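Please walk me through this structure, starting with its strands and ending with its nonpolar cores.

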Amino acid sequence: MTATTRPETAPPTAEPAEHAPTEPAARSALYAGFGPLLRRLHFYSGVLVAPFLLVVALTGLAYAFTPQFDQIAYHDQLHVQAVGGDRVALSQQVAAARQLVPGGDLVAVHPAAEPDATTKVEFAPAELGDKQRTVYVDPYTGQVRGVLTTWFGATPVTTWLDNMHANLNLGEPGSVYSELAASWLWVLVLGGVVLWWRHQRGRRSARRLLLAERAAKGVRRTRSLHAATGLWLAAFLLVLSATGLTWSHYAGANFSSLRSTLNSDSIPLRTALDGTASPDTGAHHGGGTGDTGGADLDAIAAAATRAGLAGPTTITPGAAGQAWTVEQTDNTWPLRKDKIAVHPATGQVVDTVRWADQPLLSQLTTVGIQLHMGVLFGLVNQIALALIAVGLSTVIVWGYRMWWRRRPTRDPGRLRLGAPPARGAWRQLPVPALVLAMAAAAAVGWAIPLLGWPLLGFLVVDAVAGRYRRSRGADR
């Protein structure tokens with residue numbers, strides 16, 4: 001862990017806070033058991049997980065600005081000259097798009113939401129797998145502006161950066177890697193906060209906690225910068241970790257189960273037409289033509305307007321005997337997420353679900369995801385994410401710099417940083433505290449498996465190594 005076993009010989013002003021005499025005995029006993037473990041966890045998780053977090057921070061920084069990248073790379077596809085006047089009927093725009101993509105099911109239509117925006121029509125050719133072919137149509141002329149291969153409406157640039165941030169473009173193995181980093185971020189952040197709070201025991205003040213020590217030099221200066229900056233970032237990092245984990249593979253599945261248990265899933269639209277006559281739309285069926293199948297797109301769009309669905313919307317075809325859906329997709333604050341189900345032939349609204357009626361946990365999940373993606377507050381949200389990403393990257397670099405300056409290969413006489421924490425000290429905790437800690441660890445292990453299982457392995461190794469070294473008369 002640390003580079004030397006020599007005692008601290010710094011001046012009294014730089015004395016480690018652990019030597020301060022003012023802490024109650026019970027709290028001191030708890031820290032005597034948990035403290036060494038926490039220091040080891042913070043160090044080893046930093047060494048092993050920090051590279052992952054650095055990649056996540058940098059890719060997240062790039063992803064936050066994908067709207068700007070899209071405007072540069074795909075301006076001609078995304079925009080038209082806002083000439084004003086009447087627009088071509090939506091059904092004609094979809095028909096023009098169909099000419100460019102003769103095969104594949106129609107999966108979504110995104111009517112132009114701004115005067116200078118194009119209408120986006122998505123098709124799903126079988127050869128593209130889970131990707132789509134999106135055609136961009138001028139709503140004033142009905143002319144096609146371009147065609148791109150997209151992923152749930154995301155452009156190729158956005159798709160690449162999204163996958164790079166989520167899984168390093170490695171698929172499932174990369175997803176596990178990314179979730180592991182997000183899970184252990186909690187240990188790094190909370191452990192660092194506790195350690196810095198403990199370090200300042202007996203001399204705590206807002207200035208000492210939140211600002212780096214000006215007079216400190218060398219490792220102490222780096223540690224002060226590392227800790228103070230980490231404290232500023234702590235709450236933001238935990239929010240980003242939590243919101244990211246809500247749609248991760250393992251923790252996300254557990255979160256979804258919890259939402260279902262609490263009856264907090266999103267309220268679904270009722271799309272069944274209750275036996276009323278309905279044309280076969282041909283959508284989402286292998287072998288179908290993929291066109292509107294007799295559905296009246298113009299009537300569906302008019303129904304959405306009457307229902308007050310302003311702003312960006314997505315029209316999604318229904319299966320045979322099912323209504324089509326129209327949903328608001330305005331992800332900026334305040335969110336507009338109302339949705340309706342519409343009879344595809346008559347334009348009659350079959351069901352309505354308002355955003356305000358969704359369960360609170362469902363709303364918070366959606367808001368959190370948009371915040372995580374840098375969409376919720378527009379440019380302000382993007383700048384905030386950029387500052388957090390740069391701050392986290394800097395904290396990681398400072399952490400490695402500390403390790404490098406106190407690495408075991410250096411001359412111990414040059415580093416007077418004290419002995420490393422004892423292994424297995426947590427086993428000496430009072431039984432009630434140990435039971436509570438194990439119960440909490442089990443709960444965390446269930447909720448966040450990629451934190452819980454590695455943590456369990458670490459505790460076992462730490463205990464065994466501690467027993468082995470004590471049996472040899474060592475404490476390292």
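In this predicted model, strand β1 (residues 105-110) runs antiparallel to strand β2 (residues 119-124), and five bridges join the pair. One bridge links A108 to its partner E122 in β2. On β2 there is a further pairing, with strand β3 (residues 132-137), which is also antiparallel and has five bridges. Here K120 has Y136 of β3 as its bridge partner.

Turning to the helices, α12 can be checked for its length. With 27 residues at 1.5 Å a residue, α12 should span 39 Å, and its end C-alpha atoms are 39 Å apart, so the two values agree. The buried residues of α12 include N381, Q382, L385, A386, L392, I396 and M402. An α-helix has 3.6 residues a turn, so residues three or four places apart point the same way.

Next comes the nonpolar interior. The largest nonpolar core has 31 residues, and those touching the most other members are L41, L53, W184, V189 and L237. Two or more residues come from each of α1 (25-64), α6 (172-199), α8 (218-245), α12 (379-405) and α14 (449-471). The largest share, seven residues, is given by α1.

L53 serves as an example of the contacts involved. Leaving aside residues up to four places away in sequence, L53 touches A181, L185, L188, L392 and I396. Of these contacts, L392 and I396 are among the buried residues of α12.

Apart from the largest core lies another core, of 22 residues, including L90, A97, V121 and A295. In soluble globular proteins, nonpolar side chains tend to be buried together.

Methods:
Residues numbered from 1 in each chain as written. Predicted model: local features only at pLDDT ≥ 70, side-chain atom pairs only at ≥ 80, totals over all residues. Heavy atoms only, no water. Core = buried A, V, L, I, M, F, W, Y, C linked by side-chain atoms within 4.5 Å. Buried < 20%, exposed > 50% of the residue type's maximum accessible area, 1.4 Å probe, protein only. Helix = DSSP H or I, 4+ residues; strand = E, 2+ residues; numbered from the N terminus. Contact = heavy atoms within 4.5 Å. Pairing = 2+ DSSP bridges. Expected span 1.5 Å × (residues − 1).
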